[in-house]
Amino acid sequence: MGGTDLMDENVNRYRIGLRGKKWWWCLFTWLIDVSIQNAWILHKKSGGNLSQLEFRRDIVKTYLITYSNLPKRPGPSAKIPDAARYDGRDHLIIPVANGMRCAADNCTSKGRTQCLKCNVGICVMCFASYHNK
């Protein structure tokens with residue numbers, strides 16, 4: 001068998017099995033499969049002894065460890081300095097058309113109100129505690 005036949009065999013052995021409605025999705029997953037297969041061949045030529053399945057599992061483990069905790073989005077302190085946040089002047093709660101997540105710590109609600117001065121989404125229950133130290 002030639003190189004192309006071996007590549008096709010190796011790619012089809014552990015093919016990515018996602019299905020989508022976009023026409024380009026199968027091309028995209030094939031490119032990923034071929035890239036992993038080429039990296040595995042380079043790994044073997046450099047003296048590695050992992051099977052292709054173990055190599056793919058190591059790649060997945062690396063990505064899961066690296067990206068298991070998503071970086072925290074910039075918090076409200078990045079939008080307004082603490083001095084202005086805690087000054088106690090001109091903080092008004094106003095309604096907004098679309099829902100915004102509450103900027104207070106330990107609150108996961110999505111409300112339709114925000115602070116006019118801070119320009120962050122804040123629920124009515126957390127408004128006072130958000131603006132007090």
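**Exercise 1. Determine in which helix Asp33 is found and whether the residue is buried or exposed.**

Solution. Asp33 is found in helix α2, which covers residues 25–45; helices (H or I, at least four residues) and strands (E, at least two) are DSSP runs, numbered from the N terminus. The model is a predicted one, in which local features need pLDDT of at least 70, side-chain atom pairs count only at pLDDT 80 or more, and totals for chains, interfaces and linings use all residues. Residues are numbered from 1 along each chain as its sequence is written, and side-chain values use heavy atoms, with hydrogens and water left out.

Next, consider accessibility. The relative accessible area of Asp33 is 0%, so the residue is buried (buried means under 20% relative accessible area, exposed over 50%, partly exposed in between, with a 1.4 Å probe and protein chains only).

Finally, list the contacts (heavy atoms within 4.5 Å). With neighbours within four places in sequence left aside, Asp33 is in contact with Val11, Tyr14, Arg15, Ile16 and Arg56.

**Exercise 2. Describe the surroundings of Gln114.**

Solution. Begin with the element: Gln114 lies in strand β2, residues 110–115. Its relative accessibility is 11%, and Gln114 therefore counts as buried.

Then turn to its partners. Ile94 is 20 residues from Gln114 in sequence, yet the C-alpha atoms of the two are 5.5 Å apart in space. Apart from neighbours within four places in sequence, the contacts of Gln114 include Leu92, Ile93, Ile94, Val96 and Met100. Asn119, Val120, Gly121 and Ile122 are also among them.

**Exercise 3. Identify the residues of the largest nonpolar core and the contacts of Cys126.**

Solution. A nonpolar core is a set of buried Ala, Val, Leu, Ile, Met, Phe, Trp, Tyr and Cys residues joined through side-chain atoms within 4.5 Å. The largest one has twelve residues: Cys102, Ala103, Ala104, Cys107, Cys115, Cys118, Val120, Ile122, Cys123, Cys126, Phe127 and Tyr130. Within this list, take Cys126: when residues up to four places away in sequence are not counted, Cys126 touches Cys102, Ala104 and Cys107.

**Exercise 4. Characterise the overall form of the chain.**

Solution. First, count the elements: the chain has six helices and two strands. Their order from the N terminus is α-α-α-α-α-β-β-α. The radius of gyration is 25 Å, well over the 14 Å that the globule rule gives for 133 residues, so the chain is more spread out than a compact globule. This radius is taken over C-alpha atoms, and the rule is 2.2 Å times the number of residues to the power 0.38. Along the principal axes, the C-alpha atoms fill a box of roughly 75 × 35 × 20 Å. Lastly, 26% of the 133 residues count as buried.
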